[in-house]
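The following report concerns a single protein chain, and begins with its aromatic side chains before turning to the chain as a whole.

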Amino acid sequence: MTRERSLFDERDPAAEAAADARAEADVRAGRLVGHDAVKRWIASWGTEAPLPRPKAGE
């Protein structure tokens, strides 16, 4: 049986390096959303009062 190929089967080192550089720039600039803020947001999904998506710094 042959396994079907997925988009994750091939690596693109240049794209990975670019994504890492963007992420590091976001960290240096403080463009982060805290784990607790994301947990509160996700926990509100499906409720009568879902929270808005958290913003950087929360």
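In this predicted model, W41 has a relative accessible area of 22%, and because buried means under 20% and exposed over 50%, W41 counts as partly exposed. W45, with a relative accessible area of 47%, falls into the partly exposed class as well, since its value lies between those two cut-offs.

| Residue | Relative accessible area | Class |
|---|---|---|
| W41 | 22% | partly exposed |
| W45 | 47% | partly exposed |

How many aromatic pairs does the chain contain? The count comes to one aromatic pair. The ring centres of W41 and W45 lie 5.0 Å apart with their planes at 90°, so the pair is edge-to-face, given that planes over 60 degrees apart are classed in this way.

As for the fold, the chain has two helices and zero strands. Its radius of gyration is 18 Å, whereas a compact globule of 58 residues would have a value near 10 Å, and the C-alpha trace spans about 45 × 35 × 15 Å along its principal axes.

Turning to the surface, 5% of the 58 residues of the chain count as buried, and the area that the chain exposes is about 5400 Å², of which carbon and sulfur atoms supply 57%. With regard to charge, the chain carries 10 positive and 11 negative side chains, and the centres of these two sets are 4 Å apart.

Conventions:
Residues are numbered from 1 along each chain as its sequence is written. This is a predicted model: local features need pLDDT of at least 70, side-chain atom pairs count only at pLDDT 80 or more; totals for chains, interfaces and linings use all residues. Side-chain values use heavy atoms; hydrogens and water are left out. Helices (H or I, at least four residues) and strands (E, at least two) are DSSP runs, numbered from the N terminus. The radius of gyration is taken over C-alpha atoms; the globule rule is 2.2 Å times the number of residues to the power 0.38. Buried means under 20% relative accessible area, exposed over 50%, partly exposed in between (1.4 Å probe, protein chains only). Accessible areas come from the Shrake-Rupley method with a 1.4 Å probe; for residues, only the protein chains shown count as cover. Lys and Arg count as positive and Asp and Glu as negative; His and the chain ends are not counted. The place of a charge is taken as NZ of Lys, CZ of Arg, CG of Asp or CD of Glu. Rings of Phe, Tyr and Trp (its six-membered ring) pair if their centres lie within 6.5 Å; planes under 30 degrees apart count as stacked, over 60 as edge-to-face and the rest as tilted.
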